[in-house]
Amino acid sequence: MVLAGKPLSGHTQRYDTILRFVVALPGGYILSALGAVCLAFGLPLSKADNAMAGILLGLLLWPVVFIASFGVANIRRLAVIAGVLTFVLAAFVFRRGWYP
């Protein structure tokens with residue numbers, strides 16, 4: 001885990017690690033799933049090709065978010081960026097008529 005600057009206290013370090021896991025596991029999964037659905041809605045191919053492209057994007061996006069959550073120095077900034085991106089993707093997907 002990257003810690004730039006002065007070392008964190010025990011309580012702050014625990015909070016930072018928990019936030020990294022929350023962004024990495026459920027946050028990365030939600031972001032990759034919504035990105036896959038957005039791509040499946042946005043491509044002008046057949047439904048099967050759109051679904052396959054969405055699956056492949058999800059398989060690429062989740063590890064990137066997971067690695068980034070443990071590789072960046074400021075996890076709060078990444079959490080905000082991932083949250084805003086998730087909100088934008090969810091708005092696009094639900095506006096297009098997708099339901100879980």
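**A three-helix chain**

The secondary structure of the protein chain consists of three helices and zero strands. The model is a predicted one. Read from the N terminus, the order of elements is α-α-α.

Some totals describe the chain as a whole. The protein chain has 100 residues, and 25% of them are buried. Its accessible surface is about 6,700 Å², and carbon and sulfur atoms account for 75% of that area. Among contacts in the protein chain with a separation of 6 or more, 70% join residues that lie 24 or more positions apart.

Helix α2 spans residues 47-71, a run of 25 residues. From its first C-alpha to its last, α2 reaches 36 Å, which is close to the 36 Å expected at 1.5 Å a residue. Several positions along α2 are buried: Asn50, Gly54, Gly58, Val65 and Ser69.

One of these positions, Gly58, leads to helix α1, since Gly58 is touched by Ser32. Helix α1 covers residues 10-42, and Ser32 is located in it. Leaving aside residues up to four places away in sequence, Ser32 touches Gly58, Leu61 and Trp62. These three contact partners of Ser32 have numbers that fall within the range of α2, residues 47-71. Is Ser32 buried or exposed? Ser32 has a relative accessibility of 5%, and therefore counts as buried, because buried means under 20% relative accessible area. Ser32 of α1 is thus a buried residue in contact with Gly58, which is itself buried in α2.

Terms used: Residues are numbered from 1 along each chain as its sequence is written. This is a predicted model: local features need pLDDT of at least 70, side-chain atom pairs count only at pLDDT 80 or more; totals for chains, interfaces and linings use all residues. Side-chain values use heavy atoms; hydrogens and water are left out. Helices (H or I, at least four residues) and strands (E, at least two) are DSSP runs, numbered from the N terminus. The expected span of a helix is 1.5 Å times one less than its number of residues. Buried means under 20% relative accessible area, exposed over 50%, partly exposed in between (1.4 Å probe, protein chains only). Contact means heavy atoms within 4.5 Å. Accessible areas come from the Shrake-Rupley method with a 1.4 Å probe; for residues, only the protein chains shown count as cover.
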